Amino acid sequence: MFKQARFIKYGRWQRILLAAICISLASQVNFQIFTSGFILAFSPLIMPIFLYYNDDVNPFQLVLAVAFASPMFRGFQLLLTHNGTGTQILLHMLAEIAFYLCYGTLYYILYWRRGQRTNSAFFSIHHYL
């Protein structure tokens, strides 16, 4: 069984802020496949890693921080590159906020509220998310 250990030795809020910044930057690494609006980002692969190694952090706190930080990075990037109007940028930001809030809600309901959290349950939940 894997041992969950804090690999970052900061306080809880500092770890949440660091995770939000890292996940937000990872969300900027994306691949557009199939159509121009369908984006595969790197951030959904990194978020479970932070959730796994920071078991003491409430997932809603982390997801709210990411849902605030990531759209700001994306909006700033789209604004600088002139990739869309203000309305399009706002829609991209709202979609990203909705994604992170849905992800965090499902994670909280399916895993965090469980009385007994195991590695197999964690990995099987993220297989479906």
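**Helices, burial and crossings**

Modeller: Let's start with Tyr 103, which has its place in helix H4 (helices, H or I with at least four residues, and strands, E with at least two, are DSSP runs numbered from the N terminus). This is a predicted model: local features need pLDDT of at least 70 and side-chain atom pairs count only at pLDDT 80 or more, while totals for chains, interfaces and linings use all residues. Residues are numbered from 1 along each chain as its sequence is written, and side-chain values use heavy atoms, with hydrogens and water left out.

Colleague: Why does Tyr 103 count as buried?

Modeller: Buried means under 20% relative accessible area, exposed means over 50%, and partly exposed is in between (1.4 Å probe, protein chains only). Tyr 103 has 6% relative accessibility, so it counts as buried. Here is something to look for in the structure: Tyr 103 and Met 47 are 56 residues apart along the chain, yet their C-alpha atoms are separated by 9.8 Å.

Colleague: What makes Gln 88 partly exposed?

Modeller: Gln 88 also has its place in helix H4. Its relative accessible area is 42%, so the label is partly exposed. From Gln 88 to Leu 78 there are 10 residues in sequence and 9.4 Å in space, C-alpha to C-alpha.

Colleague: Which residues of H4 are buried?

Modeller: In H4 they are Ile 89, Met 93, Glu 96, Tyr 100, Tyr 103, Gly 104, Tyr 107, Tyr 111 and Trp 112. A handy rule when you look at such a list: an α-helix has 3.6 residues a turn, so residues three or four places apart point the same way.

Colleague: How do the ends of H4 fit the expected reach?

Modeller: The expected span of a helix is 1.5 Å times one less than its number of residues. H4 has 27 residues, for which 39 Å is expected, and the reach from its first C-alpha to its last is 37 Å, close to that value. For H3, with 23 residues, the span should be 33 Å; the end C-alpha atoms are 32 Å apart, which agrees.

Colleague: Why are H3 and H4 given their orientation label?

Modeller: Two packed helices are described by the angle between their axes and the distance between the axes. The axes are lines fitted to C-alpha atoms, for helices over the stretch in contact, and angles run from 0 to 180 degrees between N-to-C directions. Angles under 35 degrees count as roughly parallel, over 145 as roughly antiparallel, 65 to 115 as roughly perpendicular and the rest as oblique. The axes of H3 (residues 59–81) and H4 (residues 86–112) come within 9 Å and cross at roughly 160 degrees. H3 and H4 are therefore roughly antiparallel to each other.

Colleague: How are H1 and H3 set against each other?

Modeller: The axes of H1 (residues 12–27) and H3 cross at roughly 40 degrees and come within 8 Å. H1 and H3 are therefore oblique to each other. Among the residues that make this contact (heavy atoms within 4.5 Å) are Trp 13, Ile 16 and Ile 23 of H1 and Leu 62, Val 66 and Phe 73 of H3.

Colleague: And what about H1 and H2?

Modeller: The axes of H1 and H2 come within 8 Å, with a crossing at roughly 160 degrees. H1 and H2 are therefore roughly antiparallel to each other. On the H1 side, the contact is made by Ala 19, Cys 22, Ile 23, Ala 26 and Ser 27, and on the H2 side by Ser 43, Ile 46, Met 47 and Phe 50.

Colleague: Ser 43 appears there; how do you know whether it is buried or exposed?

Modeller: Ser 43 lies in helix H2 (residues 43–53). Its relative accessible area is 2%, so Ser 43 is buried. Leaving aside neighbours within four places in sequence, Ser 43 is in contact with Ile 23, Ala 26, Ser 27 and Tyr 100.

Colleague: What do the buried residues of H3 pack against?

Modeller: They pack against H1, strand S1 (30–32), H2 and H4. Including Leu 62, Val 66 and Leu 78, the buried residues of H3 are listed from Pro 59 on.

Colleague: How does the whole protein chain look?

Modeller: The protein chain has five helices and two strands, and from the N terminus on its elements run α-β-β-α-α-α-α. Of its 129 residues, 33% count as buried.
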